[in-house]
Amino acid sequence: MYTNSVYDPLNKFYKSKTGAVKEGYKLTFRLTGNYANVDFICHKDGENPFCLPMENKGGYFEIAVSFSVGLYWYHFDLHNGLFVGSDDCVYSKITANPCDFQLSVYSKHYSVPKWIKGGIIYQIFPDRFYRGDVNSHNIFDRKIHSDLKEDPYFLPNEEGEVLNDDFFGGTLKGITEKLPYLKSLNVSIIYLNPIFQAFSNHRYDTGDYMKIDPMLGTDNDLRELIEKAKHIGINVILDGVFNHVGADSVYFNKYGRYDGAGAYQSKNSAYYEWFDFINYPDEYKSWWGIKTLPAVNKDNKNYIDFICGKNGVIEHYLNFGVKGFRLDVVDELPQNFVRKIRERTKSTDKNAIIIGEVWEDASNKVSYGKRREYFLGKELDSVMNYPLKNAIIDFVKNGNASGLSKVIRTQIDHYPKIVLDSLMNLLSTHDTARILSAVSDIDIFGKTKIELAKIKLNEEEKRHAVLRLKAASLLQYTLFGVPSVYYGDEIGMEGLFDPLNRKYFAWDEIDAEILSWYKLLGEIRRNNSVFKSGAFKEIYLSDGFYAFSRKSVNEELLIVVNLKNKRFDIGFKGKLVNIIDGTQYTDGIKIEKNFLGIFKKV
């Protein structure tokens with residue numbers, strides 16, 4: 001009796017605007033089906049539900065509602081003990097125990113810088129990209145690799161700690177020298193892992209926020225990089241690590257390397273209240289229990305002012321010409337702190353961008369018992385898109401097209417369109433296995449780090465992995481959002497775990513086939529404006545097969561990936577060209593196994 005009931009939040013007949021909406025927007029909901037009465041049941045997050053009767057329009061029910069800023073949950077009551085709710089894939093189902101659909105309503109003042117859309121991000125781990133002019137200034141007597149092909153140190157010392165105290169000597173000047181290479185990839189944004197003075201090679205243990213690490217270079221080197229990058233259309237954003245600092249820092253100064261008293265040395269230190277000591281001085285709160293990373297009290301006014309105040313860290317680097325920040329572990333930063341970061345950023349440069357590190361759905365994230373409000377207008381512009389990364393890898397390895405579709409549909413439904421177009425779409429980072437290794441069939445079960453470090457793909461394994469990498473990157477470059485390439489992925493570097501995913505860039509071992517592929521994808525994005533904000537439409541999916549379109553007012557592209565044995569036939573009238581290889585098709589395409597296509601009308 002109720003099988004013809006339909007609701008689809010991604011169809012504008014059923015929900016008049018796709019995804020999140022601005023406050024005050026009158027949103028129309030429709031539900032088809034033959035019922036006596038239907039009610040719209042909705043509640044704002046943390047509040048009691050309200051019930052509104054829907055108007056019977058003859059074959060469907062309708063209601064128009066406007067909302068204030070917030071996160072909402074809703075379903076439909078059929079008045080017979082059954083309800084229409086979500087099936088957890090943004091499709092509807094009839095059930096006695098409904099799962100709510102989600103609606104985000106954001107501030108009418110919320111905007112995201114337009115310059116990020118349609119671009120390409122390139123992530124650089126500064127110590128491992130390019131040395132350029134080697135800086136001999138070594139403030140911590142660091143261990144420096146003489147052979148750039150060596151593996152980073154990954155085994156623990158006698159105390160069981162991995163100190164990350166070995167360096168390859170990458171510099172800011174080195175990055176500047178390689179700007180023409182980055183331009184050849186059509187990169188528009190360079191995202192730098194931390195560059196502030198620190199003890200470790202990853203520099204997430206900040207030693208001094210107001211100093212560039214001497215091994216990387218100087219303030220002038222950063223300015224030169226920013227200016228020369230901007231001259232060729234590339235902006236630079238920095239890693240903002242504001243949740244913790246280094247034990248070996250001017251603020252904590254556990255080892256006495258810095259002049260002046262740190263919090264570890266004296267309760268009279270100007271920085272003492274920045275930290276939470278359990279048993280002074282050796283027991284203190286630290287990030288995930290790592291004693292080299294004492295956690296900062298992010299509610300401390302002096303600390304907030306130091307980061308977000310006038311002439312604070314945020315303003316200091318924006319005045320260099322930096323175009324924004326990626327916020328490390330943003331879900332561990334209090335809401336007030338994140339808002340202060342945004343306020344200072346936007347007041348200094350309204351076009352600077354704030355990207356958060358979030359590994360889940362950022363629209364409804366709960367962290368430390370509190371719902372986060374990243375996309376309601378007062379916090380973030382974008383996040384790292386780990387859910388899409390995981391879904392793409394699962395699809396190219398295991399053929400899970402329904403899982404990919406679920407993530408895509410969910411993000412379209414949950415995120416504001418301005419955020420959707422700006423999502424940082426990654427396939428690997430300094431925290432995950434490199435994409436070529438991640439999509440391979442390497443058996444890592446039960447292997448030690450020493451054994452894993454020796455693994456290198458053989459010719460057959462690599463051939464399969466390269467095909468999957470191409471399919472994954474094709475999706476990464478053509479779906480909504482902005483692709484983010486982790487340095488070295490575009491030349492076929494391998495690496496399973498930290499720090500073996502952080503090797504020095506293999507400048508003399510470039511895989512020409514993979515590099516050419518990434519350059520082609522970059523050209524396709526540059527030459528087709530539909531990737532800035534074009535609408536997405538799913539065309540067809542099956543095991544190992546996924547097809548969708550991107551459409552704007554003046555342009556439409558069809559993207560197809562087939563990694564399975566089954567052949568698929570696509571019928572149409574006229575001519576299409578696959579802009580990947582220039583092949584033209586008339587009145588139909590036969591999609592064979594291992595086929596990748598981006599089709600455009602001739």
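The exercises below, each with a worked solution, deal with a predicted model.

**Exercise 1. Strand 29 and its partners**

Task: Find which strands pair with strand 29, and decide whether strand 29 is largely enclosed or not.

Solution:
- Start with strand 28, residues 545-551, which pairs with strand 29 in the antiparallel sense over seven bridges.
- Look at the connection: four residues lie between strand 28 and strand 29, and the two form a hairpin.
- Turn to strand 34, residues 595-601, which is joined to strand 29 by six bridges, again in the antiparallel sense.
- Follow one residue across. L558 of strand 29 is the bridge partner of S549, and in strand 34 the bridge partner of L558 is F599.
- Check burial. Six of the seven residues of strand 29 (residues 556-562) are buried, so this strand is largely enclosed by the rest of the structure.

**Exercise 2. The edges of a sheet**

Task: Give the strand order of the open sheet of eight strands, and explain why strands 24 and 25 each have a side without a neighbour.

Solution:
- Write down the order, which is 24-21-20-17-14-11-26-25, with parallel pairing.
- Read off the ends. Strand 24 (382-383) and strand 25 (424-426) are the edges and have a single partner strand each, so one side of each has no neighbour in the sheet.
- Take one pair from inside the order: strand 11 (residues 121-124) and strand 26 (residues 482-486) run parallel and are joined by three bridges.
- Locate a residue in that pair: I121 is opposite S484 of strand 26.

**Exercise 3. A buried lysine**

Task: Determine whether K298 has a salt bridge, and list the polar contacts of its side chain with N243 and V296.

Solution:
- Place the residue: K298 belongs to the loop between strand 19 (283-284) and helix 4 (301-308).
- Test for a salt bridge. The nearest side chain of opposite charge is that of E332, at 5.6 Å, while a salt bridge needs the charged atoms within 4 Å. K298 is therefore buried without a salt bridge.
- List the polar contacts. The side chains of K298 and N243 are joined at 2.8 Å, and the K298 side chain also reaches the backbone oxygen of V296 at 3.0 Å.
- Add the surroundings: beyond four places in sequence, K298 touches residues including F242, Y303, L333 and F337.

**Exercise 4. Two aromatic pairs**

Task: Classify the ring pairs Y122–F129 and Y209–F242 from their centres and planes.

Solution:
- Recall what is needed: a ring pair is described by the distance of the centres and the angle of the planes.
- In the pair of Y122 and F129, the centres are 5.9 Å apart and the planes stand at 65 degrees, so the pair is edge-to-face. Both Y122 and F129 are buried.
- In the pair of Y209 and F242, the centres are 5.8 Å apart and the planes stand at 45 degrees, so this pair is tilted.
- Note the positions: Y209 is in strand 16 and F242 in the loop between strand 17 and strand 18, so the pair links distant parts of the chain, 33 residues apart.
- Check burial: Y209 has 0% relative accessibility and counts as buried, and F242 is likewise buried at 0%.
- Place the pair in its setting: Y209 and F242 belong to a cluster linked by ring pairs, with Y251, W274 and Y303 among the other members.

**Exercise 5. A serine in a loop**

Task: State whether S200 is buried or exposed, and find its polar contacts with R203 and D205.

Solution:
- S200 is in the loop between strand 15 (196-198) and strand 16.
- Its relative accessible area is 2%, so S200 is buried.
- The side chain of S200 has a polar atom 3.0 Å from the backbone nitrogen of R203, and a polar contact of 2.6 Å joins it to the side chain of D205.

Technical notes
Residues numbered from 1 in each chain as written. Predicted model: local features only at pLDDT ≥ 70, side-chain atom pairs only at ≥ 80, totals over all residues. Heavy atoms only, no water. Buried < 20%, exposed > 50% of the residue type's maximum accessible area, 1.4 Å probe, protein only. Pairing = 2+ DSSP bridges. Lys, Arg positive; Asp, Glu negative; His and termini not counted. Polar contact = N/O pair within 3.5 Å; in protein donor to acceptor, adjacent residues only side chain to side chain. Contact = heavy atoms within 4.5 Å. Phe/Tyr/Trp six-rings, centres within 6.5 Å; stacked < 30°, edge-to-face > 60°.
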